[in-house]
Amino acid sequence: SSYGGSPTTPSPPSGGGGTNVPVITIRSDGSVDPKEVRIDVAGQVRFTNQDTRAHQPQSNPHLVHTDCPAINNVGVLQPGESRLTGAFDTAKACGFHDHMNPDTTALGGTIRVAGAEGPPGPVYISR
C-alpha cells in the first residue's frame with residue numbers, strides 16, 4: 001500500500017478563485033440576474049447567456065470600456081455560452097453593460113469589488 005497517488009480533495013480550477021465564483025445570468029427576457037454581485041480583490045465573475053441571441057458584457061463606459069477591464073475578458077457570448085471575467089485587481093464599484101445593446105439598462109449591473117460602495121461609473125461619458 002502506498003500513500004502516493006492522487007489527492008483526495010479536488011484542486012480549484014486554474015485561474016484561481018476556487019468554486020465560489022458568482023454567476024450573472026443574461027436571461028431570455030433581456031435582463032441580468034442578479035443586477036449586483038460582490039467579490040473580493042482577485043475574484044472573478046462568470047457570465048452565462050441564457051438568451052436566444054448573443055450578448056457582450058463590457059465594462060462601463062460604453063465604447064472605451066476602461067473602468068474595470070477585467071469584465072471585457074468575457075467577450076461575445078453566444079446563446080448557451082458561459083465565460084469568466086478576468087481577475088479584479090482594485091476595490092471599486094464596476095459597472096457593466098451589454099456592448100451590443102448599451103441603451104438597455106436591464107442588461108447592465110454592478111460588480112462590487114472588496115465591499116466598494118457608491119455608484120459605478122456611468123454607461124456613457126458625458127461630453
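Biologist: Which side chain makes a polar contact with the side chain of His65?

Modeller: Keep in mind that this is a predicted model. A polar contact here needs a pair of N or O atoms within 3.5 Å. The side chain of His65 has such a contact at 3.2 Å, and its partner is the side chain of His99.

Biologist: Nice! Is His65 buried or exposed?

Modeller: Let's place His65 before we judge it: this residue sits in the loop between β5 (57-59) and β6 (82-84). Its relative accessible area is 9%, and buried means under 20%. His65 is therefore buried.

Biologist: Which residue has its backbone nitrogen 3.2 Å from a polar atom of the His65 side chain?

Modeller: Leaving out residues up to four places away in sequence, His65 touches Gln58, Ser59, Asn60, Asn72, His97 and His99. The backbone nitrogen you ask about is not among those names, as it belongs to Leu63.

Biologist: Now to the strands. In which sense do β1 and β4 pair, parallel or antiparallel?

Modeller: Strand β1 covers residues 23-26 and strand β4 covers residues 46-49. Ile26 stands opposite Asn49 in β4. The two strands are joined over 4 bridges, and their sense is parallel.

Biologist: And which residue takes a positive phi near 80° in the hairpin of β1 and β2?

Modeller: Strand β2 (residues 32-33) runs antiparallel to β1, with 2 bridges joining them. Thr25 stands opposite Asp33 in β2. Between the strands of this hairpin there are 5 residues, and the one with that positive phi is Gly30.

Technical notes:
Residues numbered from 1 in each chain as written. Predicted model: local features only at pLDDT ≥ 70, side-chain atom pairs only at ≥ 80, totals over all residues. Heavy atoms only, no water. Buried < 20%, exposed > 50% of the residue type's maximum accessible area, 1.4 Å probe, protein only. Polar contact = N/O pair within 3.5 Å; in protein donor to acceptor, adjacent residues only side chain to side chain. Contact = heavy atoms within 4.5 Å. Pairing = 2+ DSSP bridges.
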